[in-house]
Amino acid sequence: MAPVANAAEASGTGGSARRHHGNRHGRSEQARLAVLRVADGLLVEKGFAGVTMEGIAARAGVAKQTIYRWWKSKTDVLMDAFLQDATEDLTAPDSGDIALDLRDYLRRLAWFLSESDPGAVFKALIAQAQHDPVFAQDFRSRYLDGQRRRDRLPLERAVDRGQLPADLDMAAETDQLVGPLYYRVLVTDEPISHEFTDGLVDAFLRRHKVTARTKS
């Protein structure tokens, strides 16, 4: 997420902080958001091993105790920061044209995973999940399930509009569209160009005999 100014004042103290706890417009909520805004930037700067709860608190300008009020570990902080970024950045477009929507969405997803700060957090969380089964389950339930719904949304809308068949295999087609992006990000580390993502969309359109109206 984008860096923010020091939020020491936003953390609040004493009775004032307690009065505003849980109020999204109060100081407690401002402090929580400040923590989320700095977390992924710290990971990019220092690497996963270099991120600490103390460092997050210092960068956000809040007390360490404030962070522990919401999160048990730095992994939990990074997870919540990443989930918020994914929700904000990966909203599927809805132009009414499946070709345009898929091209836009795959380009956006490719940038998010391979070039953005949240993408670096994603890779760190995936690595953490490899040796922490409890975290892996939490990660799947909190991110992957929601991400699968976002990935399918352009296809579901196209089915509703009659642009795609009602019996479309959503799971298989979604895997063929987004799977190559994850493979490049997590396995080969190859760049993901617009030509690459547009090629995935073109192959999908050919399979289903959909005519692309416009290519940006």
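This report walks through a predicted model of one protein chain, from its helices to its rings, hollows and loops.

## The overall build

Let us begin with the big picture. The chain has 11 helices and zero strands. Reading from the N terminus, you therefore meet one α element after another, in the order α-α-α-α-α-α-α-α-α-α-α. Of the 216 residues in the chain, 45% are buried.

Parts that lie far along the chain from each other can still meet in space, and Gln84 gives you an example to look up. Gln84 belongs to helix α6, which covers residues 74-89. Gln84 and Leu36 are 48 residues apart along the chain, yet their C-alpha atoms are separated by 8.4 Å. Is Gln84 buried or exposed, or something in between? With a relative accessibility of 22%, Gln84 counts as partly exposed, because the buried class ends at 20%.

## Aromatic rings

Now turn to the rings. Across the whole structure, a search finds nine aromatic pairs. One of them joins Phe122 and Tyr182 in an edge-to-face arrangement, with 5.8 Å from centre to centre and 65° between the planes. Why does this pair tie together parts that are apart in sequence? Phe122 sits in helix α8 (residues 117-130) and Tyr182 in helix α10, so the pair links parts that are 60 residues apart in sequence. Both partners are buried: Phe122 has a relative accessible area of 1%, and Tyr182 has a relative accessibility of 16%.

Ring pairs also build a cluster, made of Phe82, Phe112, Phe122, Phe135, Phe139, Tyr143 and Tyr182. Phe122 and Tyr182 are thus members of this cluster as well as partners in the pair described above.

Some rings have a charged neighbour over the face. Arg69 lies over the face of Trp70, at 4.9 Å from the ring centre. In another case, the charged end of Arg184 is placed over the ring of Phe196, 3.7 Å from the centre of that ring.

## A pocket and a cavity

Next come the empty spaces. The largest pocket holds about 170 Å³ of space. Its lining is formed by Phe122, Ile126, Leu144, Gln147, Arg148, Asp151, Asp175, Val178, Gly179, Tyr182 and Leu186. Here you meet Phe122 and Tyr182 again, this time as lining residues. Which helix gives the largest share of this lining? Helix α10 does, with five residues. Helices α8, α9 (133-161) and α10 each contribute at least two residues. Sorted by class, the lining of the pocket has six nonpolar, two polar and three charged residues.

The structure also holds one cavity of 30 Å³ or more. The space in the largest cavity is about 30 Å³. Leu102, Tyr105, Leu106, Asp151, Thr174, Leu177 and Val178 line this cavity. Helices α7 (98-114) and α10 (170-188) each supply at least two of these residues. Five of the lining residues are nonpolar, one is polar and one is charged. If you compare the two linings, you will find Asp151 and Val178 in both.

## Loops and the end of the chain

Finally, have a look at some residues outside the helices. Ser116 is found in the loop between α7 and α8. The side chain of Ser116 comes within reach of the backbone oxygen of Phe112, at 2.5 Å. Phe112 is also one of the residues in the ring cluster.

Most residues other than glycine have a negative phi. Asp189 has a positive phi of about 60° although it is not a glycine, and Lys209 also has a positive value, near 55°. Where do these residues lie? Asp189 is in the loop between α10 and α11 (194-207), while Lys209 is in the segment after α11.

How accessible are the residues in these places? The table puts them side by side.

| Residue | Relative accessibility | Class |
|---|---|---|
| Ser116 | 8% | buried |
| Asp189 | 62% | exposed |
| Lys209 | 74% | exposed |

Asp189 and Lys209 count as exposed because their values, 62% and 74%, are over 50%. Ser116, at 8%, counts as buried because its value is under 20%.

Definitions and conventions:
Residues are numbered from 1 along each chain as its sequence is written. This is a predicted model: local features need pLDDT of at least 70, side-chain atom pairs count only at pLDDT 80 or more; totals for chains, interfaces and linings use all residues. Side-chain values use heavy atoms; hydrogens and water are left out. On a 1 Å grid over the protein atoms alone, a cavity is a set of points where a 1.4 Å probe fits but cannot get out, and a pocket is an open set with protein on both sides within 12 Å along at least five of seven lines; lining residues have an atom within 4 Å of a point. Grid points are joined across faces, edges and corners, and a volume is the space filled by probe spheres set on the points. Helices (H or I, at least four residues) and strands (E, at least two) are DSSP runs, numbered from the N terminus. Ala, Val, Leu, Ile, Met, Phe, Trp, Tyr, Cys and Pro count as nonpolar, Asp, Glu, Lys and Arg as charged, and the others, Gly among them, as polar. Rings of Phe, Tyr and Trp (its six-membered ring) pair if their centres lie within 6.5 Å; planes under 30 degrees apart count as stacked, over 60 as edge-to-face and the rest as tilted. Buried means under 20% relative accessible area, exposed over 50%, partly exposed in between (1.4 Å probe, protein chains only). A charge sits over a ring if NZ of Lys or CZ of Arg is within 6 Å of the ring centre and within 35 degrees of the ring normal. A polar contact is a pair of N or O atoms within 3.5 Å; within protein, one must be able to donate a hydrogen and the other to accept it, and residues adjacent in sequence count only if both atoms are side-chain atoms.
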